[in-house]
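Work through the exercises below with the model open, and attempt each task before reading its solution.

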Amino acid sequence: MVKLKIGNDNKINLYRKYGEYSTVCKIVTDFYEIMEKNPLTAPFFKNLDMERIFDHQIDFITQALGGPKKYFGKSMKNAHSNLDINDEVFYETLNILDIVLDKHHVEADDKEAIINIIKKLKDDIVGH
Ligand code: HEM
């Protein structure tokens, strides 16, 4: 299981705060809608079983926010190996996440906490 710094030890359970499964579902749906259209990120998702990734992403984000589900998917390094993701693509993805979290009224402090956690995964995601 992937260890996430945010999660059950987080003082405020962001999963509960923002509306649990239904909100996570909306966030992940909106996130991929943009990722699949953005010229920098779209090529990575061509010909992929998006349903499988979507389910894993729901589990991953749920866990990251301190929710009950556990992510049992691949490690971030394995999931992104051979994809050759560079810094530009990584930061564009963070921008997309930022926009989507804004859309769902995630407060600035909470947004920063979430993005900081994701930033810590950069070395596993970029350059492999
Ligand atoms: C920003 C932080 C990111 C997080 C937290 C994240 C998380 C995940 C997760 C949880 C999976 C599912 C792994 C599995 O199937 O078990 C996944 C797969 C994938 N991610 Fe990411 N990801 C990130 C960034 C990116 C970026 C920047 C790209 C490229 C634009 C990307 C492209 C992909 C692709 C193509 C897959 C599917 C790989 C496969 O075929 O199994 N990810 N990611």
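**Exercise 1.** Identify which residues come nearest to the ligand, and determine which elements and residue classes make up the shell around the ligand.

*Solution.* In this predicted model, begin with the 20 residues around the ligand, of which His 56, Gly 73, Lys 74, Ala 79 and Thr 93 come nearest. Next, assign the shell to elements: those that give two or more residues are α3 (50-64) and α5 (87-103), and the largest share, four residues, comes from α3. Finally, sort the shell by class, which yields 13 nonpolar, six polar and one charged residues.

**Exercise 2.** Describe the span of α3, its buried residues and what these pack against.

*Solution.* First take the length: α3 has 15 residues and reaches 20 Å from its first C-alpha to its last, close to the expected 21 Å. Then list its buried residues, which are Phe 60, Ile 61, Thr 62, Gln 63 and Ala 64; these pack against α1 (14-17), α2 (20-35) and α6 (108-119). Last, look past the helix, where α3 is followed by Gly 66 with a positive phi near 95°.

**Exercise 3.** Locate Ile 61 within the largest nonpolar core and find its contacts.

*Solution.* The largest nonpolar core has 18 residues, and Ile 61 is listed with Ile 27, Phe 31, Val 100 and Leu 101 as having the most contacts inside it. Two or more residues of this core come from each of α1, α2, α3 and α5, with α2 giving the most, five residues. Leaving aside residues up to four places away in sequence, Ile 61 touches Val 24, Ile 27 and Val 28.

Note on methods: Residues are numbered from 1 along each chain as its sequence is written. This is a predicted model: local features need pLDDT of at least 70, side-chain atom pairs count only at pLDDT 80 or more; totals for chains, interfaces and linings use all residues. A residue is near a molecule or strand if its C-beta atom, placed from the backbone, lies within 6 Å of it. Ala, Val, Leu, Ile, Met, Phe, Trp, Tyr, Cys and Pro count as nonpolar, Asp, Glu, Lys and Arg as charged, and the others, Gly among them, as polar. The expected span of a helix is 1.5 Å times one less than its number of residues. A residue is buried if 20 or more other C-beta atoms lie within 10 Å of its own, exposed if 12 or fewer, and partly exposed in between; C-beta atoms are placed from the backbone. Two residues are in contact if their C-beta atoms, placed from the backbone, lie within 7 Å. A nonpolar core is a set of buried Ala, Val, Leu, Ile, Met, Phe, Trp, Tyr and Cys residues joined through C-beta atoms within 7 Å.
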